[in-house]
Amino acid sequence: MDTSFAPEDLAFRDEVRAFFAEAYDAELQARLNNLETFRDAVIDWQKRLYKQGWIAPGWPKEYGGTGWNATQKFIYETERTAAGIRDVIPFGLNMVGPVIYQFGNEEQKERFLPRILQSEDWWCQGYSEPGAGSDLASLKTRAVREGDEYIVTGAKIWTSYAQYADWIFCLVRTNSDGKKQEGISFLLIDMKSPGIKVNPIVSIDGHYSLNEVEFNDVRVPVANLIGEQDKGWTYAKALLAHERTAIAGVADSKRTLAQTREFAAREVNGGKSLLSDPLFQKRLSDIEIELMALEFTELRVLASVASGGAPGAESSLLKIKGTEMQQAVQELKMEVAAYYQGVLPNELTPEQLGHDFGSQARQSYMYGRASTIYGGSNEVQKNVIAKAVLGL
Amino acid sequence: MNFEFTEEQGMLRDSVARFIQDSYAFDTRCKIAASDEAMSRDNWQTLAELGWLSVPFAEEHGGFGGSPVDTMVVMEEFGKGLVLEPYLATVLLFGGLLQRGGTVEQQAELIPRIIEGGCLGAFAYLERQSRYELADIKTTASAQGDSFVLNGEKVVVFNGASADQLIVSARTRGEQSDRDGITLLLVPADAAGIERSSYRLMDGQLVANILFQDVQVPAADVVGEQHAGFDLMHEVVTAANIALAAEALGIMGQLNAKTLEYTKTRKQFGVAIGSFQALQHRMVDTFMAYEQTKSLLYRAVCELDGGGDDVAACVHALKVMVDRSGRKIFGEAIQLHGGMGITDELDIGHYAKRLMMINTTFGNGDYHQAQFSQLRYSA
């Protein structure tokens, strides 16, 4: 049992730090923080990562991955979040990409993977439906085969960034006989196809990133089917375990916790620093202690994956605890802002307003309510653990 | 980065587990608890023969030269069996103080005897008023020529009734709660002026209050530096807290496993109660509490083993986690066992009571959370 870093690991850490310091510059950060320029700035940032060769640490080397070991991946993630650098948009790089290189045919790999790596295509995820949330397999969007095409009819919902997307990967029903998991197929659909309509959904934080995507007799070439027809559930499930591991966001929570501590230190509460208030310290340390444990739980999962295991039901544990901690720290950070948590986005400078983080903290808290719902609600994750780990 | 145990550690774990399985069935354990000394001297000899009393000691004294990870392995298995023999008191506390702070002579004389099972020890640190503050000491040791004269009282001394040798924390200068001015003294338990009153704790231990009246202690029997005993005992207690957390983890694992098994077999309303989602989700909660505790234990033990600079915070965090997870886990274990859960006949309550005693030893969760906050958040 040993968690110390070897000299070559420390050298790697310095290399990562130096790259981030240079490449994630102030001009880029300003564009990322502006909704008008957000999309192009994300693509710009991801292209810089691509040039560096670091765009897909999770991919096998033959498809464009980095070939890093588990420790290097851990160091990269730790440095990324410590520097406050946003993760890549996951839908292409972390979700559909791995499905394509694992289950797609050669032609699909050649056609899609390079464009995903180079951020030429923006992908979105078509899983949830208005009638199928955590019970994903009950989905009803139909794809009926006609010659060399599928005709797709139905609707997907909670689709993040569909308004920017070039492509959507969808779970569709191709067969209604037998078990509901067995008639699902995995289709790649061009968002420019006639019959697709994107309807915006404004979320509880006042922002617009979510959508409903309608499919009205959309024609999709059979060449866009991944693997075999009716076997899509298997491919989707492989992806879900990875998704849950990624959702835990331990390093991000640590960063938010550190900010919360800083903000509390400068906040005056009855003549003293809020950070010195024992009740506040209790809440802060409750979270910090749980995160210290969760960080090692994540390492234990990573280590078991590195030695050949797959993230299985433990990824459900990470998802549950990780999202609970995200919400706890978002709530605490917001409460440090007191009245200013209520401020809506406005034109005032922080100097004019008298405050600099309340509005953003509230928005994170509000949107953060989604984390215990998406990726399979936490209650569903508990069902998964009860069945797969406890054998109940 | 790896979380694997070495082959040697795997063998150590297997052999302790085999001992628990063969010699520490629950009814045997109850008989040992009810015996005069609340432990078995035969078992103690077996522990010595199997080499487990030597685990943390240096090889030069005949020890195994083990790391904190080795101690963790032993203690986790002991937890599963609710072992009563005074491993914590004799090997980890008394022995730990000698190993880290004893003179060459003290080490050469006593450590081999501990290892062969011929010396039982105790660390007498607690006083009526001290609660969780190691430095809150009224007992005095005043220098007189080449000796000290020890006066005062220590309470709830683990293994205090059976110990052959004691290490006693006493004030040699300063005010009642000062960290400076504490001296640790090695005292034979049968020295003139010592009076012991023994009694039992809820977890089966026999402990003692020990009165010291003008007990003469030669200056050669100071353990560590005069006046500077606090750092030494703090260091030993820090390592002991990790060992206790390992014992607690062993107990939590047993409680979860036994509860899970019970809910799969116990039928109500025509079905196994484990089929109810209300119960399933609670068992998932206790499973997660167990895993989180294990993670923090590993974090703390790696930090201690690797000589990291965050040991203190890790141990405070671990004690908080053990307290919270322990209460949750034994609470659910009792509740899910229904009426049987509150009987003395079932082992569940005995696991619970040992967890409660572990929680209060060297500071409960609230105490350590305050210490953690002090360390992390005071400017």
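Of the 392 residues of chain A in this predicted model, 39% count as buried. The chain comprises 13 helices and 10 strands. Its radius of gyration is 22 Å, in agreement with the value near 21 Å that a compact globule of 392 residues would have. Along the principal axes, the C-alpha trace of chain A spans about 75 × 50 × 50 Å. Among contacts in chain A with a separation of 6 or more, 70% are made by residues 24 or more positions apart.

Confidence was examined for the model as a whole and for chain B. The model scores are ipTM 0.95 and pTM 0.93. In chain B the average pLDDT is 97, and 99% of the residues score at least 70.

The domain assignment divides chain A into domain 1 (7–88), domain 2 (122–230) and domain 3 (248–388). The centres of domain 1 and domain 3 of chain A, taken over C-alpha atoms, are separated by 22 Å. Contact between these two domains involves 8 residues of domain 1 of chain A and 7 residues of domain 3 of chain A. On the side of domain 1 that touches domain 3, the residues of chain A divide into 3 nonpolar, 4 polar and 1 charged.

Within the bounds of domain 1 of chain A (7–88), helix H4 covers residues 70–82. At 1.5 Å a residue, the 13 residues of H4(A) should span 18 Å, and the end C-alpha atoms are 18 Å apart, which agrees. The buried residues of H4(A) are A:Thr71, A:Phe74, A:Ile75 and A:Arg80. An α-helix has 3.6 residues a turn, so residues three or four places apart point the same way. Just after H4(A), a positive phi of about 70° is found at A:Gly84.

Two residues of strand S7 of chain A were considered individually. Strand S7 covers residues 208–221 and contains A:Leu210; A:Glu214 has its place in S7 of chain A as well. A:Leu210 counts as partly exposed because it has 19 C-beta neighbours inside 10 Å, where 20 or more would make a residue buried. For A:Glu214, the 17 C-beta neighbours inside 10 Å lead to the assignment as partly exposed.

Leaving aside neighbours within four places in sequence, A:Leu210 is in contact with A:Trp158, A:Thr159, A:Ser160, A:Ile201 and A:Ser203. With the same exclusion, the contacts of A:Glu214 are A:Ala155, A:Ile196, A:Lys197 and A:Asn199. A:Asn199 also serves as a point of reference for A:Leu210: the two residues are 11 residues apart in sequence and 8.8 Å apart in space, C-alpha to C-alpha. A separation of 40 Å is found between the C-alpha atoms of A:Glu214 and A:Tyr339, which are 125 residues apart along the chain.

For chain B, the domain assignment gives domain 1 (7–119), domain 2 (122–227) and domain 3 (231–377). The C-alpha centres of domain 1 and domain 2 of chain B lie 23 Å apart. The contact between them takes 18 residues from domain 1 of chain B and 16 residues from domain 2 of chain B. On the domain 1 side, helix H5 (87–101) and helix H6 (104–116) of chain B are the elements that give two or more residues. H5(B) gives the most to this side of domain 1 of chain B, with 8 residues. By class, the side of domain 1 of chain B that touches domain 2 has 13 nonpolar, 4 polar and 1 charged residues.

The contact between the chains takes 31 residues from chain B and 34 residues from chain A. The elements giving two or more residues to the side of chain B that touches chain A are helix H8 (277–305), helix H9 (311–336) and helix H11 (365–377) of chain B. H8(B) gives the most to this side, with 13 residues. By class, the side of chain B that touches chain A has 18 nonpolar, 9 polar and 4 charged residues.

One of the contributing helices, H9(B), was also compared with its expected span. At 1.5 Å a residue, the 26 residues of H9(B) should span 38 Å; the end C-alpha atoms are 36 Å apart, which agrees. Just after H9(B), B:Gly338 takes a positive phi of about 60°.

Technical notes: Residues numbered from 1 in each chain as written. Chains lettered and ligands numbered in written order. Predicted model: local features only at pLDDT ≥ 70, side-chain atom pairs only at ≥ 80, totals over all residues. Helix = DSSP H or I, 4+ residues; strand = E, 2+ residues; numbered from the N terminus. Nonpolar A, V, L, I, M, F, W, Y, C, P; charged D, E, K, R; others polar. Domains from an automatic or database assignment. Rg over C-alpha atoms; globule rule 2.2 N^0.38 Å. Buried ≥ 20, exposed ≤ 12 C-beta atoms within 10 Å, placed from the backbone. Expected span 1.5 Å × (residues − 1). pLDDT = per-residue confidence, 0-100.
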